[in-house]
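Hello,

Here is the structure I promised to pass on to you. Please open it alongside this message, and I will go through what turned up in it.

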Amino acid sequence: MEDKKLYTSDKSLSDQLTLNHFYNDFDSRSFIDGLSSNIVEEARIDLSEFVARPFIHSFEYALDSLLNLKSKVHQRIGELEVASQQAELAQKQNIKNLEYGFQQVQDASNQLEHGLNKVGPEAVRIGEQLETIHKQRSRAAQTRDLFKYFNEFGSGQCAQLEEMRLNRGPEGQYQAAIITRRLTSIAKELDVPNASTIQQNIEKYSEKLETDLLETFDQAYSNGDIATMARCSKTLLDFNGGNSCVQTYVNQHEFFYSKRKMRESTYNMDVSINTDFTSVSDPLSSPSDPDPYMVKLCDEIRSVVAKEWEVISQVFPNSLNVLQLFVERMFAQSIQTYLEGLLDQTRSLSLLNYLRTLSSAHSCVSSLVHDLKQFDQETIFPTIRRQMINQTTSVVANQVHDTHTSVSITLDQCMEDLFVPYLDNSMYLNMEKDFLESTLSGIIDDFLNQLQKASKKTTTKQNLFTRVTEKLNTNLITTNLLNPGNTTPDSAPASPTVASTPGTPNNRRSYYGNRQYSEADEDFNGSISPQLQMVSKLLIVHGEALGRCAELCPPSDLARSAIELFQLLTKHLSEHFLVSVYDSYVRELTLRDLRVEPEFNKTFEIVAYSTHIVQLIQKHFQNAILPLMIHSPPAYRMIVIYKNEFISTIEGRINFLLQSELSSFSSWIPIILQHQKPTDFKPNDHDFDLMRPVTDPCSRSVEVLIKMCGSAQQYLEGENLRTFLVELGVILHEILLDHYKRYTVSINGGLLLSNDISKFQQVINELKIPQLTERFEMLRALSNLFIQVPEALPAVLRDGILGKIDPQLLYPYLTCREDYRSSNIAKIVGFRHNAAGAMINTEFR
């Protein structure tokens, strides 16, 4: 027993055997270790043998405690179950009681609602009757008062009404105005004795009342008393519409009233015309800035509108109507008056002066209208909304819905009224076309006259030195062409960038290409050509006209107007300048002496500046015309087709000129080659000179070829240059092929012929065109037929470039050998006559 008490007294064991120990996370192993932990610890300290009894006592005690604890837990569970059942029954009973109470309340509410539904219409009817009775009573009282005041006017007195107006303050004044307005209406409709007298008395009193209110308003306006002005304007608005009050406010405003301003306007108009506009009559000068007084006037209107809106919005209940009238007066009395005088005087100076002034004035006023519309959105509309929130009057409520539209419509109408006398019925466009017609014609005529004068001077001075100059130019071109590596930057011609030409059909060969050109482009002498200067002037004038057109034409007519102006430009360029130049030059070509060597530079000059001109037109079209066509696809298609037709026309003329140069070349080279002597390629032994480089016709032909190629390289570029040189090389190749089968060639003459072909080949190789290089390499190989021994001819015909050519085509050249018959060359190379008598080759196929 002592041992059992010893272990039961262990406090840690007692703590583990309580119900709280099992509330947290329970681990059975930790629980058993805890029951025996103290016994094990004591055994370790005493170092004694294992004794089971303490463990048995401890576990028995724990088991008894757990069983006791279990019984208590079961007992507690039973008690809680009973209490839970009792509480659940009580809750169910409470819910039933509440449902019964809610049902009673709902029934009572339904009964009350049913009763109200029965009583409600009757109450509404009674209320309406009471309201009607009240209105009738009020109307009867007002009618009684009106007849009382009406009778007073019949006796020539208005003491009560005057006492109300003078002694009852602003409210009495307002009531007197309303009563007077009603009496006026009654006097007009009521047929009683002395009705006319009474009506006259009422009208006199109305005039007096209005005069007093206007005087009060005027005095308050002078003193800056906003409250009194607002009270008077409201009274007058309800009395007679308030027009007199508005007119008084507008008429007495400093902007309209000042006589000094009108004198200043006239003075400034005269000064601006005398100093600013007389200097811009030159169509090539930059347009001057807008009229300074017009700018000042518009700035002042912006400032006045912003300042006066603060007063108008506080003074007048119908503030929008007042502002619209104020704006209309400013446009009609200030801007229109000044603009009419300004345009009348500029019209007397020049048409260009008038158009520039009209455009700048329109731009200035458009900016003013835009700023006022912006002011409407940012300031006027929010002010009206605040007034609508603070007041529930019908006037403000109606204004807020059409604030934007009414102000914008007023501004647009003012703008239209201001400029419609100058723009209506295509008046402006006709004037613009008249100006362009005269100006473009004048620029072109001046250019052609100057060109004609310069041509006459040049002709008279050039006769003596023509040959020397041509010879020097030929030597310079020859040096640059044959020695490109030694060309200095100063002597090298410019090589601008080439771009494709829009609108040129792809299936048609064209020597014309679109060239990226700017005002900085220069001709081969380092200065802008006169033709480009003239076209630049035309485009400057036309671009300014398009700018005015975009400013002044309505959006619906803008595309059509731009098309008409562009057609006018292209008509002058095509008919009055380019076509006339082409036609005159073509006449020169037809009258040219075929016995004289052609002059190639002039043709290439025309082609070069025509290319630049058309490129300028293309850039002008893209930058100035197309932006005006964005909103009109049909007009866009129409003007693109028209532009492409114009460019195609110029391209056709350019191609014709280049073809004429090729024709001249193909005619002149045979003329030179006609001087080839029969003995040139069949020299005697004592006449043969190995130091002789080439024959004279070859030398002259090479000079012409170098001139032609040099001129083409100087004035053409890119694919245009390559196409032209290919055509040139093909023509020369065909001429030489035909030329060399007309002469008998000896072995020594073959060496000279080979030198001639080498000279031509040298020039062609410098062009660096593979197609031509291959052709003249074949021509060089053809010369080997004349210098090879007969036994080597089969190998020459079989191998190399000649092996790719039909032997039938080479037979005529073999017959030109001096030893053709003596060496029986036909047999050596395998040629014989067929049944028809034609020579055929049986060995090489």
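**Salt bridges**

Arg 548 and Glu 432 join their side chains in a salt bridge, with 2.6 Å from N to O. This pair ties together distant parts of the chain: Arg 548 sits in helix α19 (residues 530-552) and Glu 432 in helix α17, 116 residues apart. Both Arg 548 and Glu 432 are buried. Before you go further, please keep in mind that this is a predicted model.

Which residues share a network of salt bridges with Arg 548? The network links Arg 548 with Arg 356, Glu 432 and Glu 544.

Across the whole structure, the search finds 13 salt bridges. One of them brings the side chains of Arg 302 and Asp 371 together, at 2.6 Å from N to O. Here too, distant parts of the chain are linked: Arg 302 belongs to helix α12 (residues 292-315) and Asp 371 to helix α14 (residues 351-390), with their positions 69 residues apart in the chain. Arg 302 has a relative accessible area of 21%, so it counts as partly exposed. Asp 371 is also in the partly exposed class, because its relative accessible area is 30%.

Arg 817 and Asp 819 form a salt bridge as well, and their closest N and O atoms are 3.1 Å apart. Are these two partners buried or exposed? Arg 817 is buried, because its relative accessible area is 3%. Asp 819 has a relative accessible area of 17%, so it is buried too; the cut-off for that word is under 20%.

**Surface patches**

There is a negative patch on the surface, formed by Glu 328, Glu 416, Asp 417 and Asp 424. Of these residues, Glu 328 can be placed in helix α13, which covers residues 319-349. Glu 328 counts as partly exposed because its relative accessibility is 38%.

A nonpolar surface patch is there for you to look at as well: Ile 126, Leu 130 and Ile 133 make it, and its area is about 280 Å². Leu 130 has its place in helix α4, which runs over residues 53-154. With a relative accessibility of 53%, Leu 130 counts as exposed, since that class takes in values over 50%.

**Cysteines**

How many disulfides does the structure hold? The number is 0. Two cysteines may still interest you. Cys 698 is at 1% relative accessibility and therefore counts as buried. Cys 709 is buried because its relative accessible area is 0%.

Cys 709 lies in helix α23 (residues 696-715). Its C-alpha atom is separated by 9.3 Å from that of Phe 724, which is 15 residues away along the chain.

**A pair that is far apart in the chain**

If you would like another distance to check, try Asn 430 and Ser 561. These residues are 131 residues apart along the chain, and 9.8 Å separates their C-alpha atoms. Asn 430 is part of helix α17, residues 427-462. That is the helix in which Glu 432, the salt-bridge partner of Arg 548, is found. At 38% relative accessibility, Asn 430 is classed as partly exposed, whereas Glu 432 is buried.

**Backbone angles in two loops**

Finally, here are two backbone angles that you may want to look at in your own viewer. Lys 768 is a residue other than glycine with a positive phi, near 60°. Where does Lys 768 lie? Its place is the loop between α25 (747-766) and α26 (770-783). Lys 768 counts as exposed because its relative accessibility is 67%.

Asn 824 likewise has a positive phi in a residue other than glycine, and here the value is near 50°. The loop that holds Asn 824 runs between α28 (807-814) and α29 (825-829). Asn 824 has 39% relative accessibility, so it counts as partly exposed.

Write back whenever you like if you want to talk any of this through.

Best wishes

Key. Residues numbered from 1 in each chain as written. Predicted model: local features only at pLDDT ≥ 70, side-chain atom pairs only at ≥ 80, totals over all residues. Heavy atoms only, no water. Patch = residues over 30% accessible without salt bridge, like charges linked within 9 Å, V, L, I, M, F, W, Y side chains within 5 Å. Areas by Shrake-Rupley, 256 points an atom, 1.4 Å probe, with all protein chains shown as cover. Salt bridge = Lys/Arg side-chain N within 4 Å of Asp/Glu carboxyl O. Lys, Arg positive; Asp, Glu negative; His and termini not counted. Charge placed at Lys NZ, Arg CZ, Asp CG, Glu CD. Helix = DSSP H or I, 4+ residues; strand = E, 2+ residues; numbered from the N terminus. Buried < 20%, exposed > 50% of the residue type's maximum accessible area, 1.4 Å probe, protein only. Disulfide = S-S within 2.5 Å.
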